[in-house]
Amino acid sequence: MTVDVLVTVITGVLVVIGVLGTIFPILPGSILVIAGLLLWAIVIGGPIGWTVFGLGLLLCGVGMTASTLLTGKRLKGRQIPNRSILIGAVVGVIGAFVIPVVGLFVGFIVGLFGSEWYRLREPRQAWDASVVAMKSVGLGMLIEFSCAGLAVACWTVGIFLYF
């Protein structure tokens, strides 16, 4: 097995884990996709390697930026503090170990709602705020996932062009 093939396989593992990381916040996400594409570009080199890296970097950067800006704007519009999202994420990580498969999502919802209920002291308002926060975070994840997926698609085209 040549170095090119080995690095392509390693890059494949990194980008798959990275794309999954845009949905499951336990994993690094777009940063891992960028790191995998950089590794591939360094080893493969030439116009194909660096073009794929440049396009992937641009797409992942757009995804991360759009995710952050859109999520932040909607949360600030409803005056939902970052603390609630952080508590939701921490309880989500705990939930991932307690409840297999769906624990991350259930834990996030429970942590977010609990934090908002404590902050607002009204369950109905807390639920409404939690729904807005979940939609915002979900939209951000969807955008980042799509952009990371497009970066991986560019890499796939690069593989066919290179080999």
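Rings of Phe, Tyr and Trp (its six-membered ring) are taken to pair if their centres lie within 6.5 Å, with planes under 30 degrees apart called stacked, over 60 edge-to-face and the rest tilted. With that rule in hand, W40, W155, Y162 and F163 come out as one aromatic cluster. The model is a predicted one, so local features need pLDDT of at least 70 and side-chain atom pairs count only at pLDDT 80 or more, while totals for chains, interfaces and linings use all residues. Numbering runs from 1 along each chain as its sequence is written, and side-chain values rest on heavy atoms, leaving out hydrogens and water.

Confidence comes next. Averaged over the protein chain, pLDDT (the predictor's confidence in each residue, from 0 to 100) is 93, and 100% of the residues score at least 70. Among the elements of the chain, α2 has the highest mean, 97, and α4 the lowest, 91. Elements here are DSSP runs numbered from the N terminus: helices (H or I) of at least four residues and strands (E) of at least two.

Back to the rings. The ring rule gives 7 aromatic pairs. In one of them, W40 and W155 have centres 6.4 Å apart and planes at 85°, so this pair is edge-to-face. W40 belongs to helix α2 and W155 to helix α6, so the contact ties together parts that are 115 residues apart in sequence. Buried is used for under 20% relative accessible area, exposed for over 50% and partly exposed for in between (1.4 Å probe, protein chains only). W40, at 0% relative accessibility, is buried, and so is W155 at 8%. W40 also pairs edge-to-face with Y162, at 6.4 Å centre to centre and 75° between the planes. That second pair again joins α2 to α6, so it ties together parts 122 residues apart in sequence. Y162 itself is partly exposed, at 30% relative accessibility.

What else does W40 belong to? W40 is a member of the largest nonpolar core, which has 17 residues. A nonpolar core means a set of buried Ala, Val, Leu, Ile, Met, Phe, Trp, Tyr and Cys residues joined through side-chain atoms within 4.5 Å. V15, V33, L37, W40, V152 and W155 touch the most other members of this core. Two or more residues each come from α1, α2, α3 and α6, and α2 gives the largest share, 6 residues. Setting aside residues up to four places away in sequence, V15 touches V33, L37, V152 and W155, where contact means heavy atoms within 4.5 Å. A second, separate core of 10 residues includes L75, I80, I85 and L112.

Now for the helices themselves. The 15 residues of α2 should span 21 Å at 1.5 Å a residue, and the end C-alpha atoms are indeed 21 Å apart; the expected span is 1.5 Å times one less than the number of residues. The buried residues of α2 include V33, L37, W40 and I44, and their cover includes α1 (3-21), α3 and α6. G45, which follows α2, has a positive phi near 65°.

Helix α3 (residues 46-77) has 32 residues and reaches 46 Å from first C-alpha to last, close to the 46 Å expected. Among its buried residues are G49, G56, G63 and L75. The cover over the buried residues of α3 includes α2 (30-44), α4 (82-98) and α6 (123-162). After α3 comes Q79, with a positive phi near 60°.
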